[in-house]
Amino acid sequence: LRAEHPLLAIDGTVAAATTDFLRFVDASPVAGWIDHATAGAQARGDGRLELNLKLPLGDPAGNRVAGEYQFIDNELRIAGAPLLSKVNGRFAFTEAGVRAQDLAIDVLGGSGRFAIANVGGETRVTGGGVALLAALRREFDPPWGDALSGTLDWTLALAVTRDGLAWTVESNLAGSAIDLPAPIGKRSGVAVPLKIERRGSSALPHEDALTITYGTVGRLLLHRKLGPEGATVDRALVLLGRAASTGAAERPERPGVWVRGELPALNFDDWLALQRRPRTPPGASAGAGSEPLLSGIDLDVGTLEAFSRRFNDMRVSARRAQDDWRLDLRARELAGTATWSAPSAAAPNGRFAARLTRLVPPGAGELAPWTGAGPGIARAEAGAPNPWPAIDIATESYFVRGRDVGRLEFVASPQGTEWRIERMALSNDSGRATAQGQWQSAGRDQQTKLDLDLELTQTGRFLARFGHPDAVQNAPTRVKGQLAWAGAPNDFDYPTLSGAFRIEVGPGRFTKIEPGIGKLLGVLSLQSLPRRITLDFTDVFSEGFAFDEITGDVRIRNGVLMTEDLRLSGPAAKVNLAGSADLATETQQLTVRVQPALSGGVSAGAMLLLLANPLVGAAVGAGSFLAQKVLKDPIEQMFAYEYLVTGSWSDPVVTRKDAPAPAAGPDAARK
């Protein structure tokens, strides 16, 4: 006691509940030494403390503390960390720090070990172990957690610094399977590096930040609030692809979840078909809590597949508006705005409405579809109800082969495994085509069935928009019938085309067109007759067959058009066609009956009649047309000829039925 600084030495041992020791730590200078790392921690189980204090009275700088604490099958919950159970081992501490060699724990269904050391005035914890992803799902209930299975090898590096508590967990995920679509999904046995970093701040002890990096796929930045019930995310930023590598300094600044990405490819259909099980009610687990809403998306995708269609160089900007979304869409194939409405009683799968300035028919999807489905994860299968939303699309300019063919409207809604097409209309200043029917859209084997009504005021101008300029003049047209083919509505597939329709065409003229380009127009124009037969019908067909009407019924089976009564009536001739034309191979097997009209002026039939019999020709010239009509055109029928047209549309073979063999000699072709 006479010393300048008498030394008070205290040695003791105490056994008690670990929660009492934690309360003592929080109320003692030890809390400051470990940067309040145990603040809010909860414990179950007992422990044993051995403590040695050397306190020079009047000299606080000389105080020395040495102790050792033993965990005995404890359970610990520290804010921001998973539940630690079966905690066993000893750690020693002094006024300068803490150290331990072999602390054993069970965490997330697996076991692990830790070591604690002081380095440069900082307390560092290192360790590793194995966790079960099923336990991780129960602990934190992550989005689509049921897609996670297998084991997780992990390592931990934790540091208590002046800036706060920081830790990093890493894994190669080799034992894990993630049953989700690309780019997130992976098979067990495939290594993808995962890194989770936590940063806290001594100035803000009730919040922290997490950064989760998943291979080259992307990074997830989370801001969390810490409380007695666990951690709650209030702000999040998802960076995908190249955006993750260029956004190293990014932080989630805005409330909600925001997504920004640059990806080479994305199959939106796979994610649309994915349905997550209901969330665990808040409070069901310590890690559960309210989730922030997805608030905004900005994506640049090289190849985006949606509704089995491929979109190139797609840029999507989306913002939440209560339960709906407002989207701005830009791609090679389209430009405009759209609205996504959340599922409702009227639209159980949601509703997508777009108002576009232009739309080019996108190509068929090429990305390999996701084939997995983990427990609790549902996806559309063959025969399952259509998971796709109702659609309402209108575009001011619809392009076919680089040409603007007019305004397109498409309205459809899911019904069972189909999309019910309520309205499909293509219109321009020359006419309008409307249809309704069904689109079997589920899976790769798609089929379209339509009731079609085509009404054109200027057929020639309508066809010119599709790349057949001047194919027909005037010719108001009405086509009504049913068509079906394999594929989407814009995948008009000739080999599988079937159906039937009625054709009614008013006055017009076929002009010179190239057979094969104009499809059936090349056959109907009969341009091949003047150059393929010896009878001279040049005045009738060569400069374009003028007609007063075209009528008939056409049946289609597997891309082959068949007719028995297609009639073309004109001032110069009447033509009946019967037979078939193959749209896929562009070939034909037609019987053509040509009946020149005497009443059409100096026609081919009248000229031949005049040369053959001047008396009859004079009678015709005198105008005995009454007899013609009363007797149902007997003279015209006398000069009617039938021809068989075969071969390709571009190079048809025309032979006259019952024609005699051509005579030998240079003048045979003119006989």
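This section describes the secondary structure, strand pairing, core packing and selected residue environments of a predicted model.

The chain contains 13 helices and 37 strands. Of its 671 residues, 45% are buried. The exposed surface amounts to about 34,000 Å², of which 56% is supplied by carbon and sulfur atoms. When contacts between residues at least 6 apart in sequence are considered, 50% of them join residues at least 24 apart.

Two of the helices are described here. Helix α1 spans residues 18-27, and its buried residues are T18, F21, L22 and V25. These residues lie on the same side of α1, because they cover an arc of only 100° around the axis. R23 and A27, on the other side of α1, are exposed. Helix α3 comprises residues 133-140, with L133, A135, L136, R137 and E139 buried. The cover over the buried residues of α3 includes four strands, namely β3 (64-77), β7 (122-132), β8 (148-161) and β10 (176-178). After α3 comes D141, which has a positive phi, near 50°.

Several strand pairings were examined. Strands of a sheet pair through backbone hydrogen bonds, in either a parallel or an antiparallel sense. Strand β12 (residues 204-214) pairs with β13 in the antiparallel sense, over eight bridges. Within this pairing, A209 has H223 of β13 as its bridge partner. The two strands, β12 and β13, form a hairpin in which three residues lie between them, and G215 in the turn has a positive phi of about 50°. Strand β13 itself (residues 218-227) is largely enclosed by the rest of the structure, since seven of its ten residues are buried.

Further along the chain, strand β26 (residues 447-456) takes part in two of the pairings considered. With strand β25 (residues 431-440), β26 pairs in the antiparallel sense over ten bridges. Here the bridge partner of Q440 is Q447 in β26. The pairing of β26 with strand β28 (residues 477-486) is also antiparallel and has ten bridges. In that pairing, T448 is opposite W485 of β28.

An open sheet is made up of three strands in the order β27-β30-β31, paired in the antiparallel sense. Its edge strands, β27 (472-474) and β31 (546-547), each pair on one side only. Between β30 (residues 508-510) and β31 there are two bridges, in the antiparallel sense. G508 has F547 of β31 as its bridge partner.

F547 also belongs to the largest nonpolar core, which has 129 residues. Together with M314, L329, L334, F501 and L568, F547 is among the members that touch the most other members of this core. Strand β8 contributes the largest share of the core, six residues. A second core, separate from this one, consists of five residues, including L221, L237, A244 and W258.

Aromatic pairs number ten in the model. One of them joins F114 and W154 in a tilted arrangement, with 6.1 Å from centre to centre and 40° between the planes. This pair links distant parts of the chain, as F114 is in strand β6 (residues 110-119) and W154 is in strand β8, 40 residues apart. Both F114 and W154 are buried. Elsewhere, F21, Y69, F71, F91 and F93 are linked into a cluster by ring pairs. F21 of this cluster is one of the buried residues of α1.

The last environment considered is that of A66, which is located in strand β3. A66 has a relative accessible area of 33% and is therefore partly exposed. With neighbours within four places in sequence left aside, A66 is in contact with E50, L51, N52, F93 and T94. One of these contacts, F93, is also a member of the aromatic cluster. The C-alpha atoms of A66 and E95 are 7.1 Å apart in space, while the two residues are 29 residues apart in sequence.

Methods. Residues numbered from 1 in each chain as written. Predicted model: local features only at pLDDT ≥ 70, side-chain atom pairs only at ≥ 80, totals over all residues. Heavy atoms only, no water. Buried < 20%, exposed > 50% of the residue type's maximum accessible area, 1.4 Å probe, protein only. Arc of directions from axis to C-beta. Pairing = 2+ DSSP bridges. Contact = heavy atoms within 4.5 Å. Areas by Shrake-Rupley, 256 points an atom, 1.4 Å probe, with all protein chains shown as cover. Core = buried A, V, L, I, M, F, W, Y, C linked by side-chain atoms within 4.5 Å. Phe/Tyr/Trp six-rings, centres within 6.5 Å; stacked < 30°, edge-to-face > 60°.
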